[in-house]
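Here are some worked exercises to try with the structure open beside you. Have a go at each task before reading its solution.

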Amino acid sequence: MDNDIVLKAENLHKSYGKVKVLKGVSLEIRRGETKVIMGPSGAGKSTLLRCLNLLTKPDKGRVWLENVELTNPKVNINKVRAKIGFVFQEFNLFHHLTALENVMIGLTKVKKLPKKEALRKARETLLTVHITEDLWDKYPAQLSGGQKQRVAIARALAMDPVVMLYDEPTSALDPQLVGEVLQVIKELARKGVTSLIVTHEVDFALEIADEIMFMNDGKIVEKGPPGEVIFNPKHEVTRKFFEKISKPYGVGKYGVLERISPSII
Amino acid sequence: MNAEVLWYLPYIVEGICWTFALVFGGLALGFIIGLPIAIGQVYGNKVVKAFLNVYVWFFRGVPLIVLLFLFFWGVFPAMGMKLSALTTSIIVLGLRSGAYQSQIFRGAIESVGEGQVVAAKSIGMSGFQTIVHIVLPQALRIAIPGWTNEYAILLKDSAICFTLGVMEVLTRTRYVAVSTGTYLLPYVFAGILYIILTYAGTKLFNIVYEKYRIPGLIGGEGKYG
């Protein structure tokens, strides 16, 4: 396998009962790349992401992280998962632990770092996602949605993952909190953190993605540079999707996008 | 009323020691049995689950008094074991409470969201680590109110152990009533004792619950959630 490719999936299939959610998806990500997956609800985006660290077991197909095949039953999946950062739509912070403890627990229990070192690393990572010291001892319920999601990013990031997977990281947030989370993800991507992001934020995707993959009905319909996929798609289904999400009220050709960043259009 | 009965009230109060031995022995043994059963019922395979279901079904299905007689005169002698009435009673209360407590813990474990488990796995925790570090710390906190209820029930169930002659509150109350020929006062007194013990115990567990309660885990900011 090409040394630069850190995550690779080949021909993934997944069904729930009679419903085929993934119908043969393949992808690869190189070190330092940022790729964005977009597509309508039910396209299989979340299932695909979960298949990549085997939180969901694919029915068919194979997944590699660096040179380890995750789908090989002999592989210790826990060890591999520790190297894949996963950020959930619903944050899923551990309710009984403070922000700092949420970040530390993976370091002490999974990575077996000494407490002192784990503490240092956790603090450092929380600062990276702009969670300041006054929030470290708060429990998840005492944090805002944006703060929770940034702590969740820190929890994944502190493990020094090979790749970060984000599953609609801003979909559960109030609109005014979306920006702070996207900002953090952008900063990390710029620092060279390899990222695979499922999102509906078009502007964000345009700005940071090296490649956009458009998914529909369990397949990657098309992929390419963001400007191309969004503004000059090859497929009708892609064009319709971006038209709908960029002008939900039918204003102008690209709606809000046109007014905020006319230069792009 | 025979005034002599008042002299014997402290004798009834001393029975609290035996009652407590029954209740806390039963609760502790029930915890040791109930928690693993709950874990097995949630995470075990079909065979484990079926086996545990039979245990729970048996100890919840048979009346306490029948269990006491069965073990004291049946099971333990048949096994060649000579256990005192007190020991037998604690074991039976514990075996039975274990069945009930398992259902308290099972409910608590199941109420810890799937998202917590998935998140634990995503950072590389094994199934065992996930249970120990993520699920149980939350589930045990959630279980405290149910557990408090189990204390209140077990306290009053312990009175049935008078049938084996354990020197707990009710046994002593009966002795006093029969020997003085006065019935009303001793039984009212015993009733009040049980009410006080129930109240004090539940109050104590509520303090523990408050102490370990985490904002948002259950009941949000509410007092007893």
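**Exercise 1: the six-stranded sheet**

Strand β7 (residues 163-167) of chain A runs parallel to strand β8 (residues 195-198) of chain A, and four bridges join the two. One of these pairings sets A:Asp167 opposite A:Val198 in β8(A). A word on the material: this is a predicted model, in which local features need pLDDT of at least 70, side-chain atom pairs count only at pLDDT 80 or more, and totals for chains, interfaces and linings use all residues. Residues are numbered from 1 along each chain as its sequence is written, while chains are lettered from A and ligands numbered from 1 in the order in which they are written.

*Task.* Place these two strands in their sheet: what is the strand order, and which strands stand at the edges?

*Solution.*

Step 1. Start with the terms. Helices (H or I, at least four residues) and strands (E, at least two) are DSSP runs, numbered from the N terminus. Two strands pair if DSSP finds at least two bridges between them.

Step 2. Read off the order: the open sheet has six strands of chain A, β6-β7-β8-β3-β9-β10, with mixed pairing.

Step 3. Find the edges. β6 (84-87) and β10 (219-224) of chain A each have a single partner strand, so one side of each lacks a neighbour in the sheet.

Step 4. Add the twist: on average, neighbouring strands of this sheet are turned by 20° against each other, direction ignored. Axes here are lines fitted to C-alpha atoms, for helices over the stretch in contact, and angles run from 0 to 180 degrees between N-to-C directions.

Step 5. Look at the β10 end. β9(A) and β10(A) pair in the antiparallel sense over five bridges, and A:Ile212 has A:Gly224 in β10(A) as its bridge partner. Two residues lie between the strands of this hairpin, and A:Asp217 in the turn has a positive phi of about 50°.

**Exercise 2: helices on the sheets**

*Task.* Which strands does helix α1 (residues 45-52) of chain A touch in the six-stranded sheet, and which does α1(A) lie across in the four-stranded one?

*Solution.*

Step 1. Set the contact rule: two residues are in contact if their C-beta atoms, placed from the backbone, lie within 7 Å.

Step 2. In the sheet of Exercise 1, α1(A) touches β3 (34-38), β7, β8 and β9 (211-216) of chain A, and its direction makes about 150° with that of β7(A). Helix α6 (residues 175-190) of chain A lies across β3, β7 and β8 of chain A, at about 155° to β8(A).

Step 3. Now take the open sheet of four strands, ordered β2-β1-β4-β5 (chain A) with antiparallel pairing. Within this sheet, five bridges join β1 (residues 5-16) to β4 (residues 60-65) of chain A, and A:Glu10 has A:Arg62 in β4(A) as its partner.

Step 4. α1(A) lies across β1, β2 and β4 of chain A, running at about 125° to β1(A).

**Exercise 3: a pair of helices**

*Task.* How do α5(A) and α6(A) pack, and which residues meet?

*Solution.*

Step 1. The angle is about 20° and the axes are 8 Å apart. That makes α5(A) roughly parallel to α6(A) (angles under 35 degrees count as roughly parallel, over 145 as roughly antiparallel, 65 to 115 as roughly perpendicular and the rest as oblique).

Step 2. From α5(A), the residues in contact include A:Gln149, A:Ile153 and A:Leu157; from α6(A), they include A:Leu177, A:Val181 and A:Leu188.

Step 3. Sort the contact residues: six are nonpolar, three polar and two charged. Ala, Val, Leu, Ile, Met, Phe, Trp, Tyr, Cys and Pro count as nonpolar, Asp, Glu, Lys and Arg as charged, and the others, Gly among them, as polar.

**Exercise 4: where the chains meet**

*Task.* How many residues of each chain are in contact, and which element of chain A gives the most?

*Solution.*

Step 1. Count: 24 residues of chain A contact 21 residues of chain B.

Step 2. In chain A, α2 (77-81), α3 (99-110) and α5 (145-157) each give two or more residues to the side that touches chain B. α3(A) gives the most, with four residues.

Step 3. By type, this side of chain A has 12 nonpolar, seven polar and five charged residues.

Step 4. Finish with the partner: chain B has eight helices and zero strands.
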